[in-house]
Amino acid sequence: MSFSRAIVGIALALFSLLATACSDSDQYLFDSRDSQEIKVYAYTTTSFDSDAQTTKSDTIQPSDSLIFLTTVQPSKSIRNTSYFWTIDGEPFASEFSFKRNITYPGIHDIAFVFIDFFGDTLSDTLSITVASPPELDNEHFIPAAGTQSIDPDKALHFAWNGHDPDSMWQMSYHFTLKDETESTLVDTILNQAYFSYFSGFKPLQKYTWKVSAFNEMLLEADQNI
């Protein structure tokens, strides 16, 4: 190789090195963590205690608070562009973990969304039902406590008032009727706030009836008749 050709070769090598140095080489950096499969999991619990039970669905009342947690595998520190929570498709939170109550009744889909460094979206969803317990009017009902002179040979009609504060849940009533020996004459679940008894009564005996209320979420009324 002649001296002049050697000089040209060195010059080309230097130019190549300079071109590489001036390029945006960061885009070619490879983080091995980005090549791992990423998985996300969302949970809810009632306590930050490590022993507290976690679940992916729950039923709460509007006054209750829940703790929302997430797990990102292999690590929460893996490179990402964003992460956030939604409730029924609307923004809910931007932390990995947080505590909050949901005041409006209904069945809600709560999702944790994680967008990785490459723009891929991963998510996991919880189902949270928010419901208020039913209310039972324990002051206005028939027959009233202490009612007497009931014809033992005629049907007797029982009626009361129940109310769903959320106006969205089916209410049911547990109705019982007992004689003075505490023998059960009726023990039934009703979807309506009334009951008619056609089997008659024994004269000069005391009978006791009772009503409790619950909704389809199995939340019970604080009041009883």
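In the next few minutes I will walk through two nonpolar cores, two buried residues and one pocket of this structure, which is a predicted model.

Let me begin with the cores. The largest nonpolar core has 21 residues, and within that core F68, W85 and I110 are the residues that touch the most other members. If you follow the strands on the screen, the elements that each give two or more residues to this core are strand 1 (39–45), strand 3 (65–73), strand 4 (80–87), strand 5 (90–93), strand 7 (106–116) and strand 8 (121–130). There is also a second, separate core, made of 19 residues, and it includes L156, F158, V186 and L190. As general background, nonpolar side chains in soluble globular proteins tend to be buried together.

To see what one of these core residues meets, take F68, and set aside its neighbours within four places in sequence: its contacts then include Y43, W85, F92, F98, I110 and I128, and also S97 and R100.

From there I would like to move to T45, which sits in strand 1. Is T45 buried or exposed? T45 counts as buried because its relative accessibility is 3%, and the cut-off for that word is under 20%. A polar atom of the T45 side chain lies 2.8 Å from the backbone oxygen of Q53, and Q53 also appears among the contacts of T45 beyond four places in sequence, together with A52, T54, L66, I67 and L69.

Now let us turn to D179, which is found in the loop between strand 11 (171–178) and strand 12 (184–190). With a relative accessibility of 13%, D179 also counts as buried. Which groups does the side chain of D179 reach? One is the side chain of T181, in a polar contact of 2.6 Å, and another is the backbone nitrogen of S183, at 3.0 Å. Further along the chain, D179 is in contact with L185, Q205, K206 and Y207, and its C-alpha atom is 6.3 Å from that of T208, although the two residues are 29 residues apart along the chain.

Some of those names return in the last part, the largest pocket, which holds about 500 Å³ of space. Its lining consists of 24 residues, and those closest to the centre of the pocket are T147, I150, Q205, K206 and Y207. Strand 10 (156–163) and strand 14 (208–215) each supply at least two residues of that lining, which by class comprises 15 nonpolar, 6 polar and 3 charged residues.

Technical notes
Residues numbered from 1 in each chain as written. Predicted model: local features only at pLDDT ≥ 70, side-chain atom pairs only at ≥ 80, totals over all residues. Heavy atoms only, no water. Core = buried A, V, L, I, M, F, W, Y, C linked by side-chain atoms within 4.5 Å. Buried < 20%, exposed > 50% of the residue type's maximum accessible area, 1.4 Å probe, protein only. Helix = DSSP H or I, 4+ residues; strand = E, 2+ residues; numbered from the N terminus. Contact = heavy atoms within 4.5 Å. Polar contact = N/O pair within 3.5 Å; in protein donor to acceptor, adjacent residues only side chain to side chain. 1 Å grid on protein atoms, 1.4 Å probe; cavity = no way out; pocket = protein on both sides within 12 Å on 5 of 7 lines; lining within 4 Å. Points joined across faces, edges and corners; volume = space filled by probe spheres on them. Nonpolar A, V, L, I, M, F, W, Y, C, P; charged D, E, K, R; others polar.
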